[in-house]
Amino acid sequence: MSDNNKGLRQRLRNMGWSAIVLLFAAGVVFWGGFNWALEATNTERFCISCHEMEVNVFKEYRNTIHYQNRTGVRATCPDCHVPKEWGPKMIRKIKASREVYGKIMGTIDTPEKFAAERQRLAENEWRRMKANNSQECRNCHNYEYFDYSVQGRRSNQMHQAGLAAGQTCIDCHKGIAHSLPPVAQDIGAGRDAVAPDVFHPPQPAQSQ
Amino acid sequence: MNKKTRNFALALLAVLGLSAALPASAQTVTSIRGADVSAPELPAGAYKPIPDQAPIQRDYVQQPPLIPHKVEGYEVSKNFNRCMDCHAWSRYQETGATKVSLTHFKDRDGGELSNISPRRYFCMQCHVPQMDAKPLVGNKFQRAEGLR
């Protein structure tokens, strides 16, 4: 073992700078390849290469302002569903391997199955965004930069009141890019639905 | 010629006369799209939803009030009613919205319900967003006396 080590070290010393340069280059190639593969899974095209995404959530998203708007700025799937920072992105990507399992098992491979699972899936995403203070929203919509004078009457009031009370974007803005699961509103027949306190989380000031 | 035959002949004459006169009169009717019924409809005006503003007053008593804000992208489906998320009695105080009127709580047999009747579920069947749209045809319509 020590002989081997000595040999390796000696050989390295013999090779000297060229070895360092070679290792560095290998590192660059490896890291570049890793990043390239990661980014390849971070595109809309990759997301909707699964029909589960294309025929359900993608179709709904195409009717919303984040897809179609007058200035042509678009927020695609990863802009909202994958964190931009390296650490949280890795964690999300590793968790997403669960979705590969779902794909193989066909958990949501028909619209009916998807509808049955929508509430669970939506609540997962709401919980994630609540936990990181709606970071993906704020990557573009930084509320510290809001100009309330050009906001509408309703958004002006609600934003200031809500943010002052410590609420975060997702507390109110649910279902802005996709259709909602059934939400309990006490209208019509009773049904399996998102509970009111999940849909409108109590304000932090009140819950304390 | 007895009475019956004469009446019949007269009726026949009247029908013939009418059928001759009618197509001529139909062609003189001018609708908003012009005289020809098969003419293509005029292009819709470039109506743009106007941002939040004071509600336009009602013109007659039973008129569903107009929506004084944008409703673009609002989901009103079996799963969720975006309007009721603010205008429901359980929500209006927090959101500062107008609460829905009691007339919406009646079912079709006149029974009172504790919340919106399913037949009033789709708000935008009656309530529409305000637009800066001028009347297509000039008219002398006057706002109901009690609302002036």
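These are my notebook entries on a predicted model with chains A and B.

**Ground rules**

I number residues from 1 along each chain as its sequence is written, and I letter chains from A and number ligands from 1 in the order in which they are written. As the model is predicted, local features need pLDDT of at least 70 and side-chain atom pairs count only at pLDDT 80 or more, while totals for chains, interfaces and linings use all residues.

**Entry 1: chain A as a whole**

I began with the secondary structure, where helices (H or I, at least four residues) and strands (E, at least two) are DSSP runs numbered from the N terminus. Chain A has 13 helices and zero strands.

Next I checked how far chain A spreads. Its C-alpha atoms fill a box of roughly 80 × 45 × 40 Å along the principal axes. The radius of gyration of chain A is 24 Å, whereas a compact globule of 208 residues would come near 17 Å. That radius is taken over C-alpha atoms, and the globule rule is 2.2 Å times the number of residues to the power 0.38.

How much of chain A is buried? I found 13% of its 208 residues to be so. Here a residue is buried if 20 or more other C-beta atoms lie within 10 Å of its own, exposed if 12 or fewer, and partly exposed in between, with C-beta atoms placed from the backbone.

I then looked at contacts, meaning two residues whose C-beta atoms, placed from the backbone, lie within 7 Å. In chain A, 59% of the contacts with a separation of 6 or more join residues 24 or more positions apart.

**Entry 2: what UniProt says about chain A**

I turned to the record, bearing in mind that UniProt positions are given in the numbering used here, feature names are shortened, and annotations may be inferred rather than shown by experiment. An unreviewed entry lists residues 20-38 of chain A as "transmembrane region". In the model that span is 100% helix and 0% strand, and its end C-alpha atoms lie 27 Å apart.

The unreviewed entry also places "domain: NapC/NirT cytochrome c N-terminal" at residues 19-181 of chain A. I get 63% helix and 0% strand for residues 19-181, with the end C-alpha atoms 58 Å apart.

**Entry 3: helices α7 and α8 of chain A**

Why does α7 (residues 97-105) of chain A lie largely in the open? Of its nine residues, the number buried is zero, so the helix has that setting. G106(A) follows α7(A) and has a positive phi, near 70 degrees.

Helix α8 (residues 111-131) of chain A has 21 residues and reaches 29 Å from its first C-alpha to its last, close to the 30 Å expected at 1.5 Å a residue. The expected span is 1.5 Å times one less than the number of residues. I also noted a bend of about 50 degrees at E117(A), the angle between axes fitted to the seven residues ending there and the seven starting there.

Which residues of α8(A) are buried? I listed R118(A), A122(A) and M129(A). Their cover includes α9 (135-138) and α11 (169-172) of chain A. After α8(A) comes N133(A), with a positive phi near 55 degrees.

**Entry 4: chain B as a whole**

Chain B has three helices and zero strands. Its C-alpha atoms fill a box of roughly 85 × 40 × 35 Å along the principal axes. I compared its radius of gyration of 25 Å with the value near 15 Å for a compact globule of 148 residues.

Buried residues make up 6% of the 148 in chain B. Of its contacts with a separation of 6 or more, 44% are between residues 24 or more positions apart.

**Entry 5: the annotated site in chain B**

Which residues does the UniProt "binding site" annotation cover? The unreviewed entry gives H104(B), C123(B), C126(B) and H127(B). They are spread over 24 residues of sequence but cluster in space, the largest C-alpha distance being 12.5 Å.

I looked at the two histidines in turn. H104(B) sits in the segment after α3 (92-95) of chain B and counts as partly exposed because it has 18 C-beta neighbours inside 10 Å. Leaving aside neighbours within four places in sequence, H104(B) is in contact with I116(B), S117(B) and R120(B).

H127(B) is also in the segment after α3 of chain B. With 16 C-beta neighbours inside 10 Å, H127(B) counts as partly exposed. Not counting residues up to four places away in sequence, H127(B) touches P64(B), P65(B), L66(B) and I67(B).

**Entry 6: where the chains meet**

The contact takes 16 residues from chain A and 16 residues from chain B. On the side of chain A that touches chain B, I have six nonpolar, seven polar and three charged residues. For these classes, Ala, Val, Leu, Ile, Met, Phe, Trp, Tyr, Cys and Pro count as nonpolar, Asp, Glu, Lys and Arg as charged, and the others, Gly among them, as polar.
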